[in-house]
Amino acid sequence: MNTSKITGKSILFSAPSGAGKTTIVRHLLGKFPSLVFSISACSREPRTGEVNGKDYHFLGIEGFKKKIEEDAFLEWEEVYKDNFYGTLHEVVEKLWSEGKVVVFDVDVLGGINIKSKLGDQALSIFVQAPSIGELERRLRSRSTETEEKIQMRMARAEEELALAYKFDVILENDNLENACAKAEDIITNFLNG
Ligand code: ADP
Ligand code: 5GP
């Protein structure tokens, strides 16, 4: 198996889709210069405004499966049916070799999987919306998904919420400003630890 030779500090953010992790991660990247986002690969098409190599490496299904065969992933998941997402060894190893703290935005199983590989080098944070109803409202308010995709994401949310206890920290995202401030404190402690 291809295991990463170079490792460094990492912060993992996971949550059911719509909880607010992308919003919080963007805020933190603007606050802490040592943090760098790990750009994942995925098999889905870009949404309007998404840029290849910035938001994701958009590989398509065939390209993604080829990378699986090449053992190129630190971790990958079929997060939703026929929708693959994963972190390429080469992407994170380059950032670690530059001394960066790598920030991951991955699904809940991916977060648990990467944490088990990186141990104390990684801080795992589960972002939690105040309720399932609010989660759905946020997902709809983002206006990025079809009804079918919203149903698929909500169906998975309950299972994901049941795994929150496996994370180092559960970050409540009720009021966004409070959640960002709390996240800043948690990360400051981790970086100084
Ligand atoms: P995720 O990355 O977890 O799928 P996003 O960061 O895309 O979630 O957030 C989903 C939607 O909810 C976005 O439209 C975002 O602006 C909104 N949002 C995020 N946090 C809050 C919050 N605390 N209160 C209300 N809306 C929020
Ligand atoms: P979206 O399609 O909304 O961008 O992402 C869907 C889900 O895939 C989110 O929960 C996101 O965190 C997750 N995801 C993104 N990149 C990765 C990755 O590299 N690995 C895993 N396991 N999940 C990922």
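A pocket, on a 1 Å grid over the protein atoms alone, is an open set of points where a 1.4 Å probe fits, with protein on both sides within 12 Å along at least five of seven lines, and its lining residues have an atom within 4 Å of a point. A molecule sits in a pocket if more than half of its atoms lie within 2 Å of the pocket's grid points.

The model on your screen is predicted, so local features need pLDDT of at least 70 and side-chain atom pairs count only at pLDDT 80 or more, while totals for chains, interfaces and linings use all residues. Residues are numbered from 1 along each chain as its sequence is written, chains are lettered from A and ligands numbered from 1 in the order in which they are written, and side-chain values use heavy atoms, without hydrogens and water.

**Stop 1: the largest pocket.** Select Thr-22, Arg-47, Tyr-56, Asp-105 and Arg-142, the closest to the pocket's centre among its 41 lining residues. The volume is about 1100 Å³ (the space filled by probe spheres set on the points, which are joined across faces, edges and corners). Helix H1 gives the most to this lining, with six residues (helices are DSSP runs of H or I with at least four residues, strands are E runs with at least two, numbered from the N terminus).

**Stop 2: ligand 2.** Now show ligand 2, which sits in the largest pocket. Its shell has 17 residues (a heavy atom within 4 Å), and strand E5 gives the largest share, four residues. Next, look for polar contacts (pairs of N or O atoms within 3.5 Å). An oxygen atom of ligand 2 is 2.7 Å from a polar side-chain atom of Ser-40. Nitrogen atoms of the ligand are the partners for Glu-75, at 2.5 Å, and for Asp-107, at 2.8 Å. Of the 510 Å² of accessible area (Shrake-Rupley method, 1.4 Å probe) that ligand 2 has on its own, the protein covers 95%.

**Stop 3: ligand 1.** Which pocket does the space taken by ligand 1 form? That space is the largest pocket too. Select Gly-18, Thr-22, Thr-23, Arg-142 and Asn-173, the closest of the 15 residues around ligand 1. Side-chain N or O atoms of Thr-22 and Arg-142 lie 2.4 Å and 2.8 Å from an oxygen atom of the ligand, respectively. For Asn-173, a polar side-chain atom is 2.8 Å from a nitrogen atom of ligand 1. Taken alone, ligand 1 exposes 560 Å², and the protein buries 80% of that. To finish, colour helix H1 (21-31) and helix H5 (132-141), the elements that give two or more residues to this shell.

Note on methods:
Polar contact = N/O pair within 3.5 Å; in protein donor to acceptor, adjacent residues only side chain to side chain.
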